[in-house]
Amino acid sequence: MTSYQRICLVHYHELGLKGRNRNTFERHLMRNVEALLEHEPVEKVTRISGRVLVLLSAQADLQAGQRAVNILRKVPGVARVSCGYRCEREMDQINDAAHKALSEVDGFYTWKVVARRNHTDFPIDSMELNRLVGAYLCDRFPEKKVQMKGADVEVHVEVVQGYAYVYALTIPGIGGLPIGTAGKVVCLLSSGIDSPVATWRMARRGATCIGVHFSGRPQTQSTSEFLVDDIAHVFEEFGGIARIFTVPFGDHQRKIAALVPPALRIIIYRRFMMRVAERIARDEGAKALVTGESLGQVASQTLDNINCTNAVVKMPVLRPLIGSDKLEIIADAKKIGTYDISSSPAPDCCTLFMPRSPETHAKLADVEAAEAELPVDEWVSELMSKVELREYRCPSSYDSNHHGRAEVKAAVDDNVTKLN
C-alpha cells in the first residue's frame, strides 16, 4: 500500500449552531487541541469545511493516530474524532486510502461508503464516488457485507480544498463547548465523587476551572490533597483545570467546633469555605463559585441549609449536580476517570468534627447568631495567608488576563508547590 499522510478530523456539533461568534469558539477549540497534542507528532492544526483538521507528521503511525484520538475524544467541544488519511484527488489513491482506512477498523461485519464532493472542479460527483469506492472495497473485503442502513462502519471520502480525506475509524467525543469560552469559575473541590464531576460538567460547558480544596490538615493527614492532585492530573489530560488552591482548614474547624452548637457546625464550616472561595474567586477574576451539591443528598444540601450557605457570598453559586442522583453522578465519575480515585478512603475536612445529629433545616437567624461571636474576618484572613497553590496544564488559562492574581500570589508565595 502507498503511504499517505495520517489525519485526525475533529467534528463538533454545538459550535456549528453559533452565529457571528462561531469563529471565536472554533479558535478556542483549535488552541486547546494544539496545546493538548504538543507531545504528539503533529504537523499542523487548521480548520477545514466545518471541522478542525489535525495533520500528523509524515512519520506518524497508527499508534500515534490512536493516541491523538484518545486525547481528542476527551476534549470539551469535540463531538467525535475520526482517524484516517489525506491523499491526492486521484481515484487510485482514494481507493487505496479507503482500503487502508477500513483495514484499521476491528470487529466489523457490515459497512457502507459515504462520499462527498465539495468542489465541482473534481470531475466525479458524490454518487459516482460512492459507487467507485464501494466497488473497490467489495473486491478487497468479500467476507464483509454492504449495508446502507445501520452499518457497523462508515467509510467517509471527502473531496475538499485540494485534497481527498478518507477515514473509517470514528470515536465519540464528549461534546459541549471549548474550555475558555464561558469565563472563569472557582470550584470547591474535594477528593470525593461529586465535586470532580461538578467541575468536569462546568469545564464541558466551556468554563476555565480553578479549584479550591479545603484540607483537614493539620488535624488530619494530607491524603485528600494527594487524591485531589490525582484528580487534577486526570483533568489535565483535557485541560480541565488551571490551578488548585489548598486551604489547611483543620485548626479553624476545631475552633468552630468548640464555639458553636454541634448541630450548626457543618453549615458554619461551609460558610467559611464559601467566604474564602469567594475571596480567591474575586482575586482570580472568576465570575461564579461551583459546588458539587445535589439536593437532599446529605444534611448540608437541603434547601434551608443551602440558603444559609449562600447568604455569606454575593457571587453566583452554580450547582451543576443539583438535580442529579448518586447513580448518575457515579456514572459520570467513571466516564471521566475519577471514580476509582474518589473511592479511596481519605480523612478530610468534610468528616472532621462531625456532629451526631446535624441540622437539616437551619434558620438563617440562628446560624448568624451562632456565628456572631466568631472573629470571622480575622479567621478568613488567616486562612488566606495559609493558601497553597498548584498549577496544572490548562490551555485556556495561558493567555488569560489574571485580574487581581497578584493579591493571591502575594498570599501564597511562601507556599507554592509547582508540579512537574
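**Note on the predicted model: surface patch, cores, sheets and salt bridges**

1. Leu295, Leu303 and Ile322 make up a nonpolar patch on the surface, and their accessible area together is about 280 Å². The model under review is a predicted one. Within the patch, Ile322 sits in the loop between β13 (317-318) and α10 (326-336). The relative accessible area of Ile322 is 33%, so this residue is classed as partly exposed.

2. The interior may be considered next. The largest nonpolar core has 54 residues, and those that touch the most other members are Leu29, Val54, Ile94, Leu102, Val133 and Leu137. Helix α3 (residues 91-103) gives the most to this core, contributing 6 residues. Another core, of 42 residues, lies apart from it and includes Phe249, Ile267, Val312 and Val313.

3. Val133 deserves a separate remark. With residues up to four places away in sequence not counted, Val133 touches Met91, Ile94, Asn95, Ala98, Val113 and Val157.

4. An open sheet of 8 strands follows the order β2-β3-β1-β4-β8-β7-β5-β6, and its pairing is mixed. At the edges are β2 (42-48) and β6 (145-146), each of which pairs on one side only.

5. Several pairings within this order can be specified. Strand β1 (residues 5-11) pairs with strand β4 (residues 78-87) in the antiparallel sense over 7 bridges, and Arg6 has Tyr85 as its bridge partner in β4. Strand β4 is in turn joined to strand β8 (residues 163-175) by 9 bridges, again with an antiparallel run; here Ser82 stands opposite Thr170 in β8.

6. Strands β7 and β8 run antiparallel and are joined by 5 bridges. In this pairing, Glu158 stands opposite Tyr165 in β8. The hairpin of β7 and β8 has 2 residues between the strands, and Gln161 takes a positive phi near 50° there.

7. Glu158 also takes part in a salt bridge: its side chain meets that of Arg51 at 2.3 Å, N to O. Because Glu158 lies in strand β7 (residues 153-160) and Arg51 in strand β3 (residues 51-56), the pair ties together parts that are 107 residues apart in sequence. Are the two residues buried or exposed? Both Glu158 and Arg51 are buried.

8. Strand β10 (residues 208-215) has 8 of its 8 residues buried, and is therefore largely enclosed by the rest of the structure. Thr208, Ile210, Val212 and Phe214 point one way from β10, whereas Cys209, Gly211, His213 and Ser215 point the other way; all are buried. Strand β9 (residues 184-188) runs parallel to β10 and is joined to it by 5 bridges. One bridge partner in β10 is Ile210, which is matched with Val186.

9. The structure holds 24 salt bridges. Side chains of opposite charge can pair when their charged atoms come close. One of these bridges is formed by the side chains of Glu26 and Arg22, at 3.0 Å, N to O. Glu26 and Arg22 are 4 residues apart in helix α1 (residues 22-36), so about one helical turn separates them. Their burial may be stated individually: Glu26 counts as buried because its relative accessibility is 5%, under the 20% cut-off, while Arg22, with a relative accessible area of 26%, is partly exposed.

10. A further salt bridge brings together the side chains of Arg217 and Glu388, at 3.0 Å, N to O. This pair links distant parts of the chain, 171 residues apart: Arg217 is in the loop between β10 and α6 (223-236), and Glu388 is in strand β14 (residues 388-391). In addition, Lys184, Arg243, Glu284 and Glu391 are joined into one network by salt bridges that share partners.

11. Arg275 is the last residue to be examined here. Arg275 is found in helix α8 (residues 265-284). Why does Arg275 count as buried? The reason is its relative accessibility of 17%, as buried means under 20%. Leaving aside residues up to four places away in sequence, Arg275 touches Val312, Val313, Glu371, Val376 and Val380. Of these contacts, Val312 and Val313 are among the members of the core of 42 residues.

Notes. Residues are numbered from 1 along each chain as its sequence is written. This is a predicted model: local features need pLDDT of at least 70, side-chain atom pairs count only at pLDDT 80 or more; totals for chains, interfaces and linings use all residues. Side-chain values use heavy atoms; hydrogens and water are left out. Patches are made of residues with over 30% relative accessible area and no salt bridge: like charges are joined within 9 Å, nonpolar side chains (Val, Leu, Ile, Met, Phe, Trp, Tyr) within 5 Å. Accessible areas come from the Shrake-Rupley method with a 1.4 Å probe; for residues, only the protein chains shown count as cover. A salt bridge is a side-chain nitrogen of Lys or Arg within 4 Å of a carboxyl oxygen of Asp or Glu. Buried means under 20% relative accessible area, exposed over 50%, partly exposed in between (1.4 Å probe, protein chains only). A nonpolar core is a set of buried Ala, Val, Leu, Ile, Met, Phe, Trp, Tyr and Cys residues joined through side-chain atoms within 4.5 Å. Contact means heavy atoms within 4.5 Å. Two strands pair if DSSP finds at least two bridges between them.
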